[in-house]
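Please look over the sequence and the model below before reading on. The paragraphs that follow lead through the chain by region, and residue names can be checked against the display along the way.

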Amino acid sequence: MEQVKDLADVPQEFVKDGMLFMNRCTKPDKREFLKICQAVGVGFVIMGVIGYIVKLVHIPVNNILVGGS
């Protein structure tokens, strides 16, 4: 009987912890949201530039190694 009670307490405790977590969380304000968007945008640009440079270097090196046809 004790095991059944312990087993039933697990979901209740999980829901209680989840509700406490959700109540503690807050939505970002406008300034914070814009900072996050700016950081993500800069990350996209940096990754795009790195990808472009890698592609730019890869094409001639590949032609040299494979011996372009």
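**A walk along the chain**

In this predicted model, V45, V49, Y52, I53, L56, V57, V61, L65 and V66 together make a nonpolar surface patch of about 910 Å². One of its members, I53, is placed in helix α2, which covers residues 30-66. With a relative accessible area of 47%, I53 is partly exposed, because a residue has to be over 50% to count as exposed and under 20% to count as buried.

I64 also lies in helix α2, and at 68% relative accessibility I64 counts as exposed. To see how helix α2 extends in space, one can take I64 together with G41, which are 23 residues apart in sequence and, C-alpha to C-alpha, 35 Å apart.

An annotation can be set beside this part of the model. In an unreviewed entry, UniProt places the feature "transmembrane region" at residues 33-54; such annotations may be inferred rather than shown by experiment. In the model, the span of residues 33-54 is 100% helix and 0% strand, and its end C-alpha atoms lie 32 Å apart.

Turning now to the other end of the chain, M1 is found in the segment before α1, and M1 is exposed, with a relative accessible area of 86%. Between M1 and T26, which are 25 residues apart along the chain, the C-alpha atoms are separated by 41 Å.

Helix α1 covers residues 2-24 and includes E2, a residue that is exposed at a relative accessible area of 54%. What kind of charge gathers in the surface patch to which E2 belongs? The patch is one of negative charge, and E2 is joined in it by D6, D9, E13 and D17. Membership of such a patch requires over 30% relative accessible area and no salt bridge, so the 54% computed for E2 satisfies the accessibility part of that condition.

G18 is likewise found in helix α1. Is G18 buried, partly exposed or exposed? Its relative accessibility is 28%, and G18 therefore counts as partly exposed, since that class lies between the limits of 20% and 50%. Looking from G18 towards A39, a residue 21 positions away along the chain, the separation between the two C-alpha atoms is 29 Å.

Taken together, the surface carries a patch of negative charge that includes E2 and D17, and a nonpolar patch that includes V45 and V66.

Terms used: Residues are numbered from 1 along each chain as its sequence is written. This is a predicted model: local features need pLDDT of at least 70, side-chain atom pairs count only at pLDDT 80 or more; totals for chains, interfaces and linings use all residues. Side-chain values use heavy atoms; hydrogens and water are left out. Patches are made of residues with over 30% relative accessible area and no salt bridge: like charges are joined within 9 Å, nonpolar side chains (Val, Leu, Ile, Met, Phe, Trp, Tyr) within 5 Å. Accessible areas come from the Shrake-Rupley method with a 1.4 Å probe; for residues, only the protein chains shown count as cover. A salt bridge is a side-chain nitrogen of Lys or Arg within 4 Å of a carboxyl oxygen of Asp or Glu. Lys and Arg count as positive and Asp and Glu as negative; His and the chain ends are not counted. The place of a charge is taken as NZ of Lys, CZ of Arg, CG of Asp or CD of Glu. Helices (H or I, at least four residues) and strands (E, at least two) are DSSP runs, numbered from the N terminus. Buried means under 20% relative accessible area, exposed over 50%, partly exposed in between (1.4 Å probe, protein chains only).
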